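Please consider the arrangement of strands and aromatic side chains in the structure shown below. The report begins with ring pairs and then turns to the sheet and a surface patch.

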Amino acid sequence: MPTPAVIATWPFGQIAVRAALPVVQKGRPALDAAIAGAQAVEDDGTTHSVGFGGLANSIGNVSLDACVMEGRTLGCGAVAGVENVRHVASLARRVMERTPHLFLVGEGARLFAVQQGFPLESLNTPESVTAWYKRRPRPKPERPAPRGTAQLRAHPLSHDTVTVLALDQKGSLGGACTTSGLAHKLPGRVGDSPIIGAGLYVDDTAGAAGATGVGEEIIRIGGSFFVVEQMRAGRTPQEACENAVRRVNALAVRRGVHPAQVAFLALDVKGRVGAACTTDTNFQYATNKGEKVELNKAREIGVETR
Ligand code: SD4
C-alpha cells in the first residue's frame, strides 16, 4: 500500500499539509485531501494571498481563482474571477462534479456558487484594505516596453498561491490550486492558477505538478503540464521541475527580459517530491516526512549562459 504524501507551496503550505495529511491517512481520496488543505489556507485570514483576506485587485476587490484535478480519470474543474465566495477550490470541485462543464468565470461562477449553497460574504479584512490602500496603483510616467516584451516583475509580497498535491493510499494523485492572484491585477485578469495544465496538472500515469509565481510566464510555457510530461518521459519530480524553470529562463532570454518569479512543485505515485524556482523567488514548500511537516527551500535555477 503506498504511503500517503502531501506537498504544498510556500510557508503557509504547512497549514495545508497539516489539514490534508490526516485525510489521506484515513484512506480517503487524494482529491479530498488536497481540497481540505487548500480550504484550510482559504480560511486563514492571516494568509494574505488566498481566499478570505486575499490580495485585492486594482479597484480594491478580492477576486479569486481556483482549480482541482484528480489523477485517475483526469476529472477537473475550475473557477476564475470569483468575488464574495471564500471556498473556491471546493466550488471548482462542484463545477467538476455537478455540471457538464469544466470552467466557470465571474458572475456565472458566483451565481453557480449561490445555487450550490455557498455563502456570499466580503473577502476583505481591515488588513487587506489597508494593504491595498498603501500600495494601490498610482499612475506614473513610464516608457512603454517594446510590443510583446512587457514583463510583470511582481513584488515578492504581492502574490502567492497555495497549490496542494496529495498521494492517497490507493496510489492515486489529486491536486488543488487556489489564489487571489497578483495584487492590483486589472479587473478580469486571470493567472495560471485556475488553468488546467498551467497552475495544476495531475495524471496518475505520470505524476502531479503545480505552480506559483507570475502566472503570465507559467501559462506561456504550459507549466504544470510540461512538468508532468517530463515525469512521463522518465525525469524525477525534481528534474522535471528544474527543466520547467530552465524553459522559463530560456524563454526570458529569447524575449530579452529578466526571468519572472516562478516556481514549480511535483509529486509522483512513488511519493517522490520535487521543487524548483527562478532566482530571487526564494520559494519554500511544505511536505510531510512521515507524520512530521517540514518546510524546505526549493533549488533556484539561474539563467544558463554559454
Ligand atoms: C497568479 N500564480 O495569479 C498566481 C499568483 C501566485 O505566487 O502564485 N503567486 O499569477
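Three aromatic pairs are found when the whole structure is searched. Rings of Phe, Tyr and Trp (its six-membered ring) count as a pair if their centres lie within 6.5 Å, and planes under 30 degrees apart are termed stacked, over 60 edge-to-face and the rest tilted. Two of the pairs are listed here.

| Pair | Geometry | Centre to centre | Angle between planes |
|---|---|---|---|
| Trp10 and Phe283 | edge-to-face | 5.0 Å | 85° |
| Tyr201 and Phe225 | edge-to-face | 5.0 Å | 90° |

The model is predicted: local features need pLDDT of at least 70 and side-chain atom pairs count only at pLDDT 80 or more, whereas totals for chains, interfaces and linings use all residues. Residues are numbered from 1 along each chain as its sequence is written, and side-chain values use heavy atoms, with hydrogens and water left out.

**Aromatic contacts**

Trp10 is located in the loop between β1 (5–9) and α1 (13–25), and Phe283 in the loop between β10 (273–278) and β11 (284–289), so their pair ties together parts that are 273 residues apart in sequence. Helices (H or I, at least four residues) and strands (E, at least two) are DSSP runs, numbered from the N terminus. Trp10 and Phe283 are both buried, a term for under 20% relative accessible area, with exposed meaning over 50% and partly exposed in between (1.4 Å probe, protein chains only). Ring pairs also join Trp10, Phe283 and Tyr285 into a cluster.

The pair of Tyr201 and Phe225 likewise links distant parts of the chain, with Tyr201 in strand β7 and Phe225 in helix α7 (residues 223–232), 24 residues apart. Tyr201 is buried at a relative accessible area of 13%, whereas Phe225 is partly exposed at 39%.

**The sheet and strand β6**

An open sheet of mixed pairing is formed by eight strands in the order β4-β3-β2-β6-β5-β1-β11-β12. Its edges are β4 (103–105) and β12 (292–297), each of which has a single partner strand, so one side of each lacks a neighbour in the sheet. From one strand to the next, the twist averages 10°. Strands are taken to pair if DSSP finds at least two bridges between them.

Which strands pair with β6? Strand β2 (residues 64–70) does so in the antiparallel sense over six bridges, with Ala66 having Thr178 as its bridge partner. Strand β5 (residues 162–167) also pairs with β6 in the antiparallel sense over six bridges; here Val164 is matched with Ala176, and Leu167 stands opposite Leu173. Five residues separate β5 and β6 in a hairpin, and Gly171 in the turn has a positive phi of about 85°.

Seven of the seven residues of β6 (residues 173–179) are buried, so the strand is largely enclosed by the rest of the structure. Both of its faces are covered, with Leu173, Gly175, Cys177 and Thr179 on one side and Gly174, Ala176 and Thr178 on the other.

**A nonpolar surface patch**

Leu102, Phe103, Val105 and Val190 make up a nonpolar patch on the surface, with about 310 Å² of accessible area together. Val190 sits in the loop between β6 and β7 (200–203) and is partly exposed, at a relative accessible area of 31%. Patches consist of residues with over 30% relative accessible area and no salt bridge; like charges are joined within 9 Å and nonpolar side chains (Val, Leu, Ile, Met, Phe, Trp, Tyr) within 5 Å. A salt bridge is a side-chain nitrogen of Lys or Arg within 4 Å of a carboxyl oxygen of Asp or Glu.

Definitions and conventions
Accessible areas come from the Shrake-Rupley method with a 1.4 Å probe; for residues, only the protein chains shown count as cover. Axes are lines fitted to C-alpha atoms, for helices over the stretch in contact, and angles run from 0 to 180 degrees between N-to-C directions.
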